[in-house]
Amino acid sequence: MESQYEFNAKILKALSDPNRLKILKILYCGDMSACEILKYFKFTQPTLSHHLKVLIDCGLVESRKNGIWNYYNLNLINLNELLLFLVNTFNDTN
């Protein structure tokens, strides 16, 4: 079974890219399609798709289909769990 440290290390690795951090900041405002997100960047749609896949795979972003469009949103539960993990890790007095 994967430890909490290993699991969160994968998330932190995904967050080590500044573009992914920016995507999270953008999605904090609410659900968006890839086209809407792409307006904030100067890279191609395949590059955005890669970044979104990494964020989805680590559990910080979710995707839902609405007609022909995919909409992306933050998984606030997992994001809050990561924040609690970091706070507890660095407040641990052991």
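How many helices and strands does the chain have? The chain has five helices and three strands, where helices (H or I, at least four residues) and strands (E, at least two) are DSSP runs numbered from the N terminus. This is a predicted model, in which local features need pLDDT of at least 70 and side-chain atom pairs count only at pLDDT 80 or more, while totals for chains, interfaces and linings use all residues. Residues are numbered from 1 along each chain as its sequence is written, and side-chain values use heavy atoms, with hydrogens and water left out.

**Overall architecture**

- Along the sequence, the elements follow the pattern α-α-β-α-α-β-β-α.
- The C-alpha trace of the chain spans about 50 × 25 × 25 Å along its principal axes.
- Of the 94 residues in the chain, 32% are buried; buried means under 20% relative accessible area, exposed over 50%, and partly exposed in between (1.4 Å probe, protein chains only).
- Contacts (heavy atoms within 4.5 Å) between residues at least 6 apart in sequence join residues at least 24 apart in 52% of cases.

**Packing of helices α1 and α5**

- Two packed helices are described by the angle between their axes and the distance between the axes.
- The axes of helix α1 (residues 4–14) and helix α5 (residues 76–91) come within 11 Å and cross at roughly 115°; axes are lines fitted to C-alpha atoms, for helices over the stretch in contact, and angles run from 0 to 180 degrees between N-to-C directions.
- The crossing of α1 and α5 is left-handed, a term for a near helix turned anticlockwise from the far one by less than a right angle, with clockwise giving right-handed.
- Helix α1 contributes Gln4, Tyr5, Asn8, Ile11 and Leu12 to the contact, and α5 contributes Leu82, Phe85, Leu86 and Thr89.
- The residues of this contact divide into six nonpolar, three polar and no charged; Ala, Val, Leu, Ile, Met, Phe, Trp, Tyr, Cys and Pro count as nonpolar, Asp, Glu, Lys and Arg as charged, and the others, Gly among them, as polar.

**Salt bridges**

- Side chains of opposite charge can pair when their charged atoms come close.
- The count comes to two salt bridges, each defined as a side-chain nitrogen of Lys or Arg within 4 Å of a carboxyl oxygen of Asp or Glu.
- One salt bridge joins the side chains of Asp31 and Arg64, at 2.9 Å from N to O.
- This pair links distant parts of the chain, 33 residues apart: Asp31 is in the loop between α2 (18–27) and β1 (32–33), and Arg64 is in strand β2 (residues 61–66).
- Asp31 is partly exposed at 39% relative accessibility, and Arg64 is partly exposed at 37%.
- The side chains of Asp57 and Lys53 also meet in a salt bridge, at 2.6 Å from N to O.
- Both Asp57 and Lys53 lie in helix α4 (residues 45–57), four residues apart, about one turn of the helix.
- Asp57 is exposed, with a relative accessible area of 55%, whereas Lys53 is partly exposed at 49%.

**Cysteines**

- The whole structure holds zero disulfides, a disulfide being a pair of cysteine sulfur atoms within 2.5 Å.
- Cys29 forms no such bond because the closest cysteine sulfur, in Cys35, is 18 Å from its own, which is too far.
- Cys58 is likewise in no disulfide, and its nearest cysteine sulfur, that of Cys29, is 19 Å away.
- Cys29 is exposed at 69% relative accessibility, whereas Cys58 is buried at 11%.

**Gln45**

- Gln45 is placed in helix α4 and is partly exposed, at 41% relative accessibility.
- The C-alpha atoms of Gln45 and Asp17 are separated by 17 Å, with their positions 28 residues apart along the chain counted as separation.
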